[in-house]
Amino acid sequence: MPTLAFGGTARKYGTHYSGTVTVDSDYFMGVNIIFQVFTVNILFKNTAPKPQSNKPGGQAVALRINGDKAAFYNCKFLGFQGTLCDDRGHHFYRNCYIEGTVDFIFGRGRSLYLESHLNVVDNKDLTFITAQGKEEKSENFGYSFVQCKITGSGSGSFLGRAWRKIPQVIFSYTEMGAVVNPLGWSDNRQPDRDSTVFFAEYKNSGPGLNHKGRVKFTKQLKDAQAKNFLSLGYIQDSKWLLPPPK
């Protein structure tokens, strides 16, 4: 399995420039590489060590996608803090594997994650799967996870935190492992954001599901409310999305 690897960290390069791979162009597709008679997957990896809470700047990005209209099929993203910088534009991920500790999916993209596997690496400190960066009501940003799976060797991981003022993150039909914190979501210790975040769930399952124990600002969506987050229309697929080449 070919590995694109780099050991850059935020301390040395800044978070956004620590990426093993950075894509600034529009219409990018990452898909299975065919080499001779073998079919293998693309794997993005940042080899920097796990960040330590007493040493700031340990964030290390495996992939930063900064272009519009990008799709990833059967890709792996490995890291710790800040693994996938899903930064700007409309993005589609299908059957991908994303691993990390803190904010390991973050940025201001409008992205649909379908049938993907999110794995939380054991960490002594708090862990957060997403840190979505929407700041203004006029911004059309957000992350929608559909038919995904959440696993992990740690405990108490939050589905997302209010890194910015108006983050939008939705998990639907997702199998949530015991690694998920019963509270579900974090306001980043900023109670004023309880009324501005859009953290929502819809028909999820697994031991990490706990409607009664969720924080009050979590939304449990009804069918009509969830509809817009479940289809490819969420990322305006009809304008650009093509199936992967065989």
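**Long-range contacts, buried strand residues and a pocket**

Of the contacts in the protein that link residues at least 6 apart in sequence, 65% are between residues at least 24 apart. The model is a predicted one. Its secondary structure consists of two helices and 24 strands. The protein has 246 residues, and 54% of them count as buried. Its accessible surface amounts to about 11,800 Å², and carbon and sulfur atoms account for 52% of that area.

Two isoleucines placed in strands were examined with respect to burial and contacts. Ile129 belongs to strand β16, which spans residues 128–132. The relative accessible area of Ile129 is 0%, so this residue is classed as buried, the limit being under 20%. Leaving aside neighbours within four places in sequence, Ile129 is in contact with Asp103, Phe104 and Ile105, with Leu118 and Val120, with Ile150, and with Ser157, Phe158 and Leu159. The C-alpha atoms of Ile129 and Thr83 are 10.0 Å apart in space, while the two residues are 46 apart in sequence.

Ile170 is part of strand β20, residues 168–172. Ile170 is likewise buried, with a relative accessible area of 0%. Beyond the residues up to four places away in sequence, Ile170 touches Tyr143, Ser144 and Phe145, together with Phe198, Ala200, Leu221 and Phe229. For one of these partners, Phe229, the separation from Ile170 is 59 residues in sequence and 7.5 Å in space, taken from C-alpha to C-alpha.

A polar residue in a strand was also considered. Asn119 lies in strand β15, residues 117–120. Buried is defined as under 20% relative accessible area, and Asn119, at 14%, therefore falls in that class. The side chain of Asn119 makes a polar contact of 2.7 Å with the side chain of Thr151, and another of 3.3 Å with that of Tyr97. Both Tyr97 and Thr151 appear among the residues touched by Asn119 when those up to four places away in sequence are not counted. The remaining members of this set are Ile98, Glu99, Gly100, Phe104 and Gly152. Phe104 is also listed among the contacts of Ile129.

Lys69 is situated in a loop, between β7 (63–65) and β8 (70–73). The side chains of Lys69 and Asp68 are joined by a polar contact of 2.8 Å. With residues up to four places away in sequence set aside, Lys69 touches Asp26, Tyr27 and Phe28, as well as His90, His91 and Trp240.

The second largest pocket encloses about 160 Å³ of space. Its lining is formed by Val102, Asp103, Leu126, Phe128, Phe158, Arg161, Ser186, Asp187, Asn188 and Arg189. By class, four of the lining residues are nonpolar, two are polar and four are charged. Strands β13 (102–107) and β19 (158–161) each contribute at least two residues to the lining. Two residues of the lining, Asp103 and Phe158, are also in contact with Ile129. Phe128, another residue of the lining, lies in the range of strand β16 (128–132), where Ile129 is located.

Technical notes:
Residues are numbered from 1 along each chain as its sequence is written. This is a predicted model: local features need pLDDT of at least 70, side-chain atom pairs count only at pLDDT 80 or more; totals for chains, interfaces and linings use all residues. Side-chain values use heavy atoms; hydrogens and water are left out. On a 1 Å grid over the protein atoms alone, a cavity is a set of points where a 1.4 Å probe fits but cannot get out, and a pocket is an open set with protein on both sides within 12 Å along at least five of seven lines; lining residues have an atom within 4 Å of a point. Grid points are joined across faces, edges and corners, and a volume is the space filled by probe spheres set on the points. Helices (H or I, at least four residues) and strands (E, at least two) are DSSP runs, numbered from the N terminus. Ala, Val, Leu, Ile, Met, Phe, Trp, Tyr, Cys and Pro count as nonpolar, Asp, Glu, Lys and Arg as charged, and the others, Gly among them, as polar. A polar contact is a pair of N or O atoms within 3.5 Å; within protein, one must be able to donate a hydrogen and the other to accept it, and residues adjacent in sequence count only if both atoms are side-chain atoms. Contact means heavy atoms within 4.5 Å. Buried means under 20% relative accessible area, exposed over 50%, partly exposed in between (1.4 Å probe, protein chains only). Accessible areas come from the Shrake-Rupley method with a 1.4 Å probe; for residues, only the protein chains shown count as cover.
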